[in-house]
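Reader: Hi! I like to get to know a fold by settling on one piece of it and working outwards. Could you take me through a single part of this one in some detail?

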Amino acid sequence: MATWFRTYYEEEDLWLCFEADEEDWAVRHIELGGEDARPRTAASLKEVLHLRDHADLAAMTRYERRYGILADAPLDGWQDQPGAARITAEEFERLWGEARRVLGGAG
């Protein structure tokens, strides 16, 4: 079962929002930074795996420049991070859609 949550990194003024699978690995990852919470990252495991299996290094580089880099370690222990809280699937989808719109892609 998926889990949706956010954490806050004060020193970088950065909110991290995740959709995690049942083993606490990131399925989708959003980063929102600064006072205006501008999207910096909106990366998807499904898209990254598709590029890895069907595209070249240049395509992966373009993806990472546009959408950032997906978290690549288990997210266990997120509950102990500053500002950690569960969010609803609907809230995550709203943030995802907005981040993708700002970063230049479809939701």
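What follows is a request about one strand and a connected reply.

Reader: I would like to look closely at strand β3, residues 26–33. Which strands does β3 pair with, which residues does Arg28 touch, and what does Ile30 touch?

Author: Happy to! One caution to begin with: this is a predicted model, and the values below are computed from it.

Let's start with the surroundings of the strand. Seven of the eight residues of β3 are buried, so the strand is largely enclosed by the rest of the structure. The sheet it belongs to is open and has five strands, in the order β4-β3-β2-β1-β5, with antiparallel pairing. The edges of that sheet are β4 and β5 (85–86), each of which pairs on one side only. In general, the strands of a sheet pair through backbone hydrogen bonds, either parallel or antiparallel.

On one side of β3 is β2, residues 14–20, and the two run antiparallel with seven bridges between them. They make a hairpin, with five residues between the strands, and Asp24 in the turn has a positive phi of about 65°. Within this pairing, Glu19 is the residue opposite Arg28. On the other side is β4, residues 38–44, antiparallel to β3 and joined to it by six bridges. This hairpin has four residues between its strands, and here Gly34 is the residue with a positive phi, near 80°. Across from Leu32 you will find Pro39 of β4.

One step further out, β2 also pairs with β1, residues 3–9, through seven antiparallel bridges. Trp15 of β2 is the bridge partner of Tyr8 there. Helix α1, residues 45–54, lies across β3 and β4 and runs at about 60° to β4.

Now for Arg28, which sits in β3. Is this residue buried or exposed? With a relative accessible area of 12%, Arg28 is below the 20% cut-off and therefore counts as buried. Its side chain makes a polar contact of 2.5 Å with the side chain of Glu19, the residue that stands opposite Arg28 in the strand pairing. A second polar contact, at 2.3 Å, joins the side chains of Arg28 and Glu93. Apart from neighbours within four places in sequence, the contacts of Arg28 are Cys17, Phe18, Glu19, Ala43, Ser44, Leu70, Phe92, Glu93 and Trp96.

Two aromatic residues on that list, Phe92 and Trp96, are worth a pause. Both belong to helix α3, where they are four residues apart, about one turn of the helix. Phe92 has 0% relative accessibility and so counts as buried, and Trp96, at 3%, is buried as well.

Ile30 brings us back to these two aromatics. Leaving out residues up to four places away in sequence, Ile30 touches Trp15, Leu16, Cys17, Thr41, Ala42, Phe92, Leu95, Trp96 and Ala99. Ile30 also stands out in the largest nonpolar core, which has 27 residues: Phe18, Ile30 and Leu75 touch the most other members. At least two residues of this core come from each of β2, β3, β4, α1, α2 (57–67) and α3 (89–103). In soluble globular proteins, nonpolar side chains tend to be buried together.

The other two well-connected members extend the picture. Leu75 lies in the loop between α2 and β5 and counts as buried at 12% relative accessibility. Its C-alpha atom is 7.7 Å from that of Ala20, although the two residues are 55 apart along the chain. Beyond its neighbours within four places in sequence, Leu75 is in contact with Phe5, Phe18, Ala20, Asp24, Trp25 and Ala26. That list includes Asp24, the positive-phi residue in the turn between β2 and β3.

As for Phe18, there are aromatic pairs to consider, five of them in the structure. In one of these, Phe5 and Phe18 form a tilted pair, 5.4 Å from centre to centre with 35° between the planes. This pair links parts of the chain 13 residues apart, with Phe5 in β1 and Phe18 in β2. Phe5 and Phe18 are both buried. Phe92 and Trp96, by contrast, are stacked, because their ring centres are 6.2 Å apart and their planes are at 15°. Finally, Phe5 and Phe18 join Trp78 in one aromatic cluster.

Key: Residues are numbered from 1 along each chain as its sequence is written. This is a predicted model: local features need pLDDT of at least 70, side-chain atom pairs count only at pLDDT 80 or more; totals for chains, interfaces and linings use all residues. Side-chain values use heavy atoms; hydrogens and water are left out. Buried means under 20% relative accessible area, exposed over 50%, partly exposed in between (1.4 Å probe, protein chains only). Two strands pair if DSSP finds at least two bridges between them. Contact means heavy atoms within 4.5 Å. Axes are lines fitted to C-alpha atoms, for helices over the stretch in contact, and angles run from 0 to 180 degrees between N-to-C directions. A polar contact is a pair of N or O atoms within 3.5 Å; within protein, one must be able to donate a hydrogen and the other to accept it, and residues adjacent in sequence count only if both atoms are side-chain atoms. A nonpolar core is a set of buried Ala, Val, Leu, Ile, Met, Phe, Trp, Tyr and Cys residues joined through side-chain atoms within 4.5 Å. Rings of Phe, Tyr and Trp (its six-membered ring) pair if their centres lie within 6.5 Å; planes under 30 degrees apart count as stacked, over 60 as edge-to-face and the rest as tilted.
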